[in-house]
Amino acid sequence: MVTKFVYCVGTLAGVISAVYWLRAALVPVRDNVDVIVDDLQRIGELNAIGAGAACIAAVCGSFLFARQFLSSIHWLRRVQ
């Protein structure tokens, strides 16, 4: 049950990170010097959300890898 939950959270976080990074790449930067800082701050905020979601996806992937790796080691010990 925990594994399915971690799979779902990891997949959802990966999709969210892709969406936010795509959105950040599509933000138009206007030529007006007065508003360019606001545009760049908005891009930075979207990138930060995308990076946070990617970190969550990486932690979920690491957990699932470690769980699978440790179960294979346990299986090896039983065979010997």
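Colleague: Let's start with R42: why is it called partly exposed?

Modeller: The relative accessible area of R42 is 41%. Partly exposed covers the range between 20% and 50%, so R42, at 41%, falls into that class. Bear in mind that this is a predicted model. As for its place, R42 sits in helix α2.

Colleague: How do you know that E45 and R42 meet in a salt bridge?

Modeller: From their side chains, which come to 3.4 Å, N to O. The cut-off is 4 Å between a side-chain nitrogen of Lys or Arg and a carboxyl oxygen of Asp or Glu, so the pair of E45 and R42 qualifies. Along helix α2, E45 and R42 are 3 residues apart, or about one helical turn. E45 has a relative accessible area of 44%, which makes E45 partly exposed.

Colleague: How many salt bridges does a search of the whole structure find?

Modeller: The search finds 2. One joins R30 and D39, whose side chains meet at 2.7 Å, N to O. That value also lies within 4 Å, so the name salt bridge applies.

Colleague: What makes D39 buried?

Modeller: D39 has a relative accessible area of 6%. Buried means under 20%, so D39 belongs there. Its partner R30, at 45%, counts as partly exposed. D39 lies in helix α2 and, leaving aside residues up to four places away in sequence, touches V27, P28, V29 and R30.

Colleague: Now the aromatic side. Why is the pair of F65 and F69 called stacked?

Modeller: The structure holds 1 aromatic pair. In this pair, the rings of F65 and F69 have their centres 6.2 Å apart and their planes at 10°. Centres must lie within 6.5 Å to pair, and planes under 30 degrees apart count as stacked, so both conditions are met. F65 and F69 are 4 residues apart in helix α2, about one helical turn.

Colleague: What class of accessibility does F65 have, and what class does F69 have?

Modeller: F65 is exposed at 57%, since exposed means over 50%. F69 comes out at 45%, so F69 is partly exposed.

Colleague: How do you know that the number of disulfides is 0?

Modeller: A search of the whole structure finds 0, and two cysteines show the reasoning well. For C55, the closest cysteine sulfur is in C60, 11 Å away. For C60, the closest is in C8, at 10.0 Å. A disulfide needs two cysteine sulfur atoms within 2.5 Å, so C55 and C60 are both too far from their closest cysteine sulfur for a bond.

Colleague: What class does C55 fall into by accessibility, and what about C60?

Modeller: C55, with 49%, is partly exposed, because exposed requires over 50%. C60 is buried at 9%, as buried means under 20%.

Colleague: Which residues make the nonpolar surface patch of about 250 Å²?

Modeller: L12, I16 and I49 make that patch. I49 is found in helix α2 and, at 40% relative accessible area, is partly exposed. Patch residues need over 30%, so I49 passes that condition.

Colleague: One last residue: where is G61, and why is it called partly exposed?

Modeller: G61 is in helix α2, which spans residues 33-79. Its relative accessibility is 36%, between 20% and 50%, so G61 counts as partly exposed. The C-alpha atoms of G61 and G44 are 25 Å apart in space, with their positions 17 residues apart in sequence.

Definitions and conventions: Residues numbered from 1 in each chain as written. Predicted model: local features only at pLDDT ≥ 70, side-chain atom pairs only at ≥ 80, totals over all residues. Heavy atoms only, no water. Buried < 20%, exposed > 50% of the residue type's maximum accessible area, 1.4 Å probe, protein only. Helix = DSSP H or I, 4+ residues; strand = E, 2+ residues; numbered from the N terminus. Patch = residues over 30% accessible without salt bridge, like charges linked within 9 Å, V, L, I, M, F, W, Y side chains within 5 Å. Areas by Shrake-Rupley, 256 points an atom, 1.4 Å probe, with all protein chains shown as cover. Phe/Tyr/Trp six-rings, centres within 6.5 Å; stacked < 30°, edge-to-face > 60°. Contact = heavy atoms within 4.5 Å.
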